[in-house]
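Subject: Structure for you to look at

Hello,

Here is the structure I promised to hand over. Please open it first, then read my notes below.

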Amino acid sequence: MTVVVHRHTDAIVMPWRNGGGVTSELVRRPTAGEFDWRLSMAEVSADGPFSTFDGLDRIIVLLSGRGMDLHMGEGGAVVELRPPFGGHRFAGEVSVDATLPAGPTTDLNLMWRRDRLDATVRRFEAPFDLAPQHGATLLAFVASGTPELDGGTTLSTGDVVESTDILHVDGHGVLLVFALVLR
């Protein structure tokens, strides 16, 4: 595989592990059984706890809404996610309670097995070229706009490009690019 486009319209909608809402699974590897990594999008409409995931690390990025506050662990810090694209990385075992100070939000969530992978996220504006480091997988999430891939494939907001090769993006748009690197 070099470049694969995952359309947001093909996302698999499933309940949260704790039953508090639903998430749209955009892409995961492997596609069956326990995943090594998963990128999903969730609409958060009410205050409440996050599901916990032993052995996984997470990056959450605010996509829309006016903000979300993450209360990290028992008596832990409060992390404020604010537009545009406020994000936070944390261990999946940490108990997190979210509050929505200004109404519903939508977030993007990458989870990965920390014993196998590590991940980072950066924001890019099209056009750009990006080469993954050796053995890495890039996941480029279209946060806004209609950028195009080299070769003319037009992307829409919510689409994800999975690449193990140089990623050429033309046109206009904002993309959140996750790099997954084998440990």
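In which strand is the place of A143? A143 sits in strand β14, which covers residues 137-145. Before going on, please note that this is a predicted model.

**A143 and its surroundings**

Is A143 buried or exposed? A143 counts as buried, because its relative accessibility is 16% and the cut-off for buried is under 20%. Leave aside the neighbours within four places in sequence, and A143 is in contact with F85, T157, V174, L175 and L176. L100 is another matter. The C-alpha atoms of A143 and L100 are 21 Å apart in space, and the two residues are 43 apart in sequence.

**F85 and the proline bonds**

F85 appeared among the contacts of A143. F85 lies in the loop between β8 and β9. Look at its backbone. F85 is not a glycine, yet its phi is positive, at about 65 degrees. Most residues other than glycine have a negative phi, and most peptide bonds are trans.

P84 is in the loop between β8 and β9 too. The peptide bond that joins P83 and P84 is cis, with omega about -10 degrees. A cis bond also runs from A126 to P127, where omega is near 5 degrees. You will find P127 in the loop between β12 and β13 (128-130).

**D159**

Next, go to the loop between β15 (148-149) and β16 (160-163), where D159 has its place. D159 counts as buried, because its relative accessibility is 1%. What does the side chain of D159 reach? It reaches the backbone nitrogen of S156, at 2.9 Å. D159 also touches H6, R7, H8, A140, F141 and V142. That list does not count residues up to four places away in sequence.

**Salt bridges**

How many salt bridges does the structure hold? There are 13. Three of them are worth a visit.

Start with R114 and D57. Their side chains meet in a salt bridge, 2.9 Å from N to O. This pair links distant parts of the chain, 57 residues apart. R114 is in the loop between β11 (105-113) and β12 (117-125). D57 is in strand β6, residues 56-64. The two partners differ in class: R114 is partly exposed at 26% relative accessible area, whereas D57 is buried at 10%.

Now move to D118 and R89. These side chains meet in a salt bridge of 2.5 Å, N to O. Distant parts of the chain are linked again: D118 is in strand β12, R89 is in strand β9 (residues 87-91), and they are 29 residues apart. D118 counts as partly exposed, with 26% relative accessibility. R89 is partly exposed as well, at 38%.

D118 has a salt bridge with R183 too, at 3.8 Å from N to O. Here the partners are 65 residues apart, with D118 in strand β12 and R183 in the segment after β18 (173-182). R183 counts as exposed, because its relative accessibility is 60% and the cut-off for exposed is over 50%.

Which residues do shared partners join into one network? The network holds D57, R89, E93, R114, D118 and R183.

**A four-stranded sheet**

Trace the open sheet next. It has four strands in the order β5-β10-β7-β8, and the pairing is antiparallel. β5 (48-49) and β8 (78-81) are the edge strands, as each pairs on one side only. Two bridges join β5 to β10 (residues 96-99), and these strands run antiparallel. In β10, D97 is the bridge partner of P49.

**The largest pocket**

Finish with the largest pocket. It holds about 440 Å³ of space. Its lining counts 28 residues, and the closest to the centre are W16, N18, A42, F50 and S51. Which strand gives the most to this lining? β4 does, with five residues. At least two residues each come from β2 (12-15), β3 (22-29), β4 (37-44), β5, β6 and β11. You have met β5 already, as an edge strand of the open sheet. You have also met β6, the strand that holds D57.

Best wishes

Terms used
Residues are numbered from 1 along each chain as its sequence is written. This is a predicted model: local features need pLDDT of at least 70, side-chain atom pairs count only at pLDDT 80 or more; totals for chains, interfaces and linings use all residues. Side-chain values use heavy atoms; hydrogens and water are left out. A salt bridge is a side-chain nitrogen of Lys or Arg within 4 Å of a carboxyl oxygen of Asp or Glu. Buried means under 20% relative accessible area, exposed over 50%, partly exposed in between (1.4 Å probe, protein chains only). Two strands pair if DSSP finds at least two bridges between them. A polar contact is a pair of N or O atoms within 3.5 Å; within protein, one must be able to donate a hydrogen and the other to accept it, and residues adjacent in sequence count only if both atoms are side-chain atoms. Contact means heavy atoms within 4.5 Å. On a 1 Å grid over the protein atoms alone, a cavity is a set of points where a 1.4 Å probe fits but cannot get out, and a pocket is an open set with protein on both sides within 12 Å along at least five of seven lines; lining residues have an atom within 4 Å of a point. Grid points are joined across faces, edges and corners, and a volume is the space filled by probe spheres set on the points.
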